[in-house]
Amino acid sequence: MTRVFILPTILLALLGGVCLLLTSGRTPRADQITFASQADIHTLDPQQMSWTQDLRVAMALWEGLLTYHPVTLAPAPGCAQLPQISADGLTYTFQLRPHLQWSNGEPLTAQDFADSWQRALDPATSNKYVALFFKIAGAQAYNQACVRSGTGPRPDFSAVGIRVLDPVTLQVTLVDPCPYFCDLVAFPPFYPLHLRARQKAVAAGHPWTHPPYLVTNGPFVLKEWDFKNYLRLDPNPYYHDRAQVHCAQLRLVTYPDQENAALLAYQSGVVDILSWVPQQYIGPELIAQQRAGQRHDIFFQPVFGTYFYVFNCRQAPFNDARVRQAFTLVIDKRQLVEDVLRMGQRPLNVIVAPDAIPGYSSPRGLVRDVPRAQALLAAAGFPEGRGFPAVDLLYANEGIHVTAAQAIGQMWERHLGVRVVYHGVESKQFNRERQAHHFAVARGGWYGDYLDPTTWLDLAQTGSGQNDGQFSDPHYDALLAKAQRQTVPAQRLALLTEAERYLLEDQCAFMPVCQYSDGYVYDPARIAGCAPNVRLITQFKYLRRR
Amino acid sequence: MVRFVVARFLQSLAVLWLVYTGTYWLLLASPGNPFAGDRNLPPAVLASLEARYGLDNPLKTYFTYAGQVLLHGDMGTSISYQDWSVGEIIARALPVSVALGALALIMALWAGVAIGTWGALRQGRPSDMVLTVLTLFGVSLPTFVIGTLLLLLFAVVWPIFPAGGWGTIRQMILPALTLALFFVAYISRLTRVSVLDTLGADYVRTARAKGLPRRTVIGRHVLGNAALPVLTYLGPAAAYALTGSFVVEKIFAIRGLGTHFVNACLNKDIPLVLGVVLTYTAVVVVFSFLVDLAYAAVDPRISLT
């Protein structure tokens, strides 16, 4: 009856139909495993990645000289056997497995590693982890020479301590002994890249990290990458340990900020594994169900990351260690964890994740003591908080950080009599303000990159790029330097314990809150090879359906 | 006609240029660094990233980017998703939003016109009042409430539709309905008022006096004219519906263009924001042009000169 509307309807139906056809995905295979992440993939260039989900995919697509033991996470043979280390701890000789191949069947040699590491050191690569390569002799000088030469010819790489002795032998010389160097070479920025395939794709104007241009050497190869939708990974037929890869097909999907949608997808069987335990709205309920024994598919545990607050140690009155101690001593972390964070996290008085690093024992840290805090503040010239300037408390306006900051601020106001200015900003702005030191106290947090206390303790080193609190103390720097020169592992770790004790008890540069907890959601009756570990490293290679 | 088309084309270019300029400089002036993450980047790395995206020389980038888009249709590479060009991202996200929006609009158009006409013909009766109240609800209730309610009712309590995702018609029904409800309410109100206006017109009385059946009077004479405001509204409504709704896409886990509107801004992903804004502007411009053409076709009093 309304002819006027028939034409627009036909046009809309045609348009919609064509678009639906263009975008509808393929039906997943029955024997595949679907693994969900809570954030989208940002890049598949291992030398540019820094996000957990990116690093996780890299571990499926590539393999470094070494890898992680599936249970202990100790360095294990990967492309190479465990290296021979010289007596002074400075020279590492890696013997590659014979007949290694790339996913296109071409041979993989020690030269590929050397060339890739050279690219990793080039500032044009924008490698966010470039500082990890500076453990190698001459690497930092090479990087700086590249910065000076700008887009001009690259400086001489032969001065860098990376030698290809023959196609299967790589020798690396370090600046100082680095007991965790084996851990580093298992980390994605140290993976080999097929640079010839990359150059060929780039020259032809193709995106080199997309299939079919991406050539890798790990247990899986990238077959499909549908932006913000899914990645399909198939076993790599040329992988040296192909017989151990039991998963016929891996489908990696993402649910960015969609915890409820992800949980629904898991419960309806669309997703096999959630690589995180939803923590926002339904989280506390899930944890309660798990503790009551009603759910056996939630694997939630303390992980290799800690939540803390950073003091601006250069700004008065927080340049006085007594003030920092007073602010730390009044915090009731148990109450914070139970009433605010509500996910059963472990309250902490230290910043290095405890019980995670073999041989390392954490110091005690500052234990809550309100009268002592009040006495310290009075000794610093602010009895009952009188005359204390308003405390600029900086945090990101997202999720649980807002309520945590408010609870902490209230504890200061109640026990110390100070006034707190709650400075919650959007996350990009938060990072910028914290890096510019525009705060008195700011939210902080850190996930360790390698199995060594220095992954946290270096944060407070003078001149560290991550030292937002501008803490600088010669005694602390000397302790770290002494530990770096110490070659006996037990003595080195004892020195690092003393450094952490000094940093947190005497100097109180940070106010620890808790250890992060996370894990997986999956049904162990259906999926095997997915046991969570403290570093939440997913070894897709061992994943299989029961 | 040709003059009209050429004039509109030039106008559209000016609109696009203005929108581009405003967006570009607003983005640069907004706080936050696109590369700022939890970890501070080494200065050399930050410098190389800024150089890669032209943030080291914003004025030069302002012109080179515009030239790149105009000459090659190249909208650059996303900052947050550096392996993807903005063109590819939009090419994958836009069809999803278009398919969803098209279904929602079809639902909204027919349901809205039917409800509006029905209400107008029963003006003042209880059924009309009930419909008026219902449409008021439809206009006022935010999408996130409707979406969540539908999801709860038809995916959880009575699971006849999937909870989310994309690829099948069944997965489209709930999100399209959510998106459509606002338009249904709005179109029905427009139609009701418009039909009431037209019912009193002389030519309608004449048509009735001629003894034409009621059905023909309403269908041909009343709705033919009452359709004009609805058609006008269809232009901006289509531009809005087809480019994706952030809320609907978020609730139903759909990877359309809507999510990029908000996420790209939060990430300060300058190339992606520019690409999305320019795409949206282009769609609005094209649809308002189509509406003008449709006007001329429907109403003989309007001529395109």
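How many residues of chain B are in contact with chain A? Let's start there, and keep in mind that this is a predicted model. On confidence, the predictor gives the complex an ipTM of 0.83 and a pTM of 0.86. Chain B averages a pLDDT of 85, and 98% of its residues score at least 70.

Okay, back to the contact. The answer is 48 residues of chain B, and they meet 48 residues of chain A. On the chain B side, the elements that put in two or more residues are α2 (43–52), α4 (86–121) and α9 (214–242). The largest share comes from α4(B), with 13 residues. As for chemistry, that side of chain B splits into 28 nonpolar residues, twelve polar ones and eight charged ones.

While we're on chain B, have a look at helix α8, residues 202–209. That helix is hardly covered: of its eight residues, the number that count as buried is zero. After α8(B) you run into Gly211(B), which has a positive phi, near 90 degrees.

Now over to chain A. Its secondary structure adds up to 17 helices and 19 strands. The radius of gyration of chain A is 26 Å, and the globule rule gives 24 Å for 546 residues; those are close, so chain A is as compact as a globular protein of that length. If you'd rather think in box dimensions, the C-alpha trace of chain A spans about 80 × 70 × 50 Å along its principal axes.

Inside chain A, 45% of the 546 residues are buried. And if you take the contacts in chain A with a separation of 6 or more, 66% of them are between residues 24 or more positions apart.

Methods. Residues numbered from 1 in each chain as written. Chains lettered and ligands numbered in written order. Predicted model: local features only at pLDDT ≥ 70, side-chain atom pairs only at ≥ 80, totals over all residues. pLDDT = per-residue confidence, 0-100. Contact = placed C-beta atoms within 7 Å. Helix = DSSP H or I, 4+ residues; strand = E, 2+ residues; numbered from the N terminus. Nonpolar A, V, L, I, M, F, W, Y, C, P; charged D, E, K, R; others polar. Buried ≥ 20, exposed ≤ 12 C-beta atoms within 10 Å, placed from the backbone. Rg over C-alpha atoms; globule rule 2.2 N^0.38 Å.
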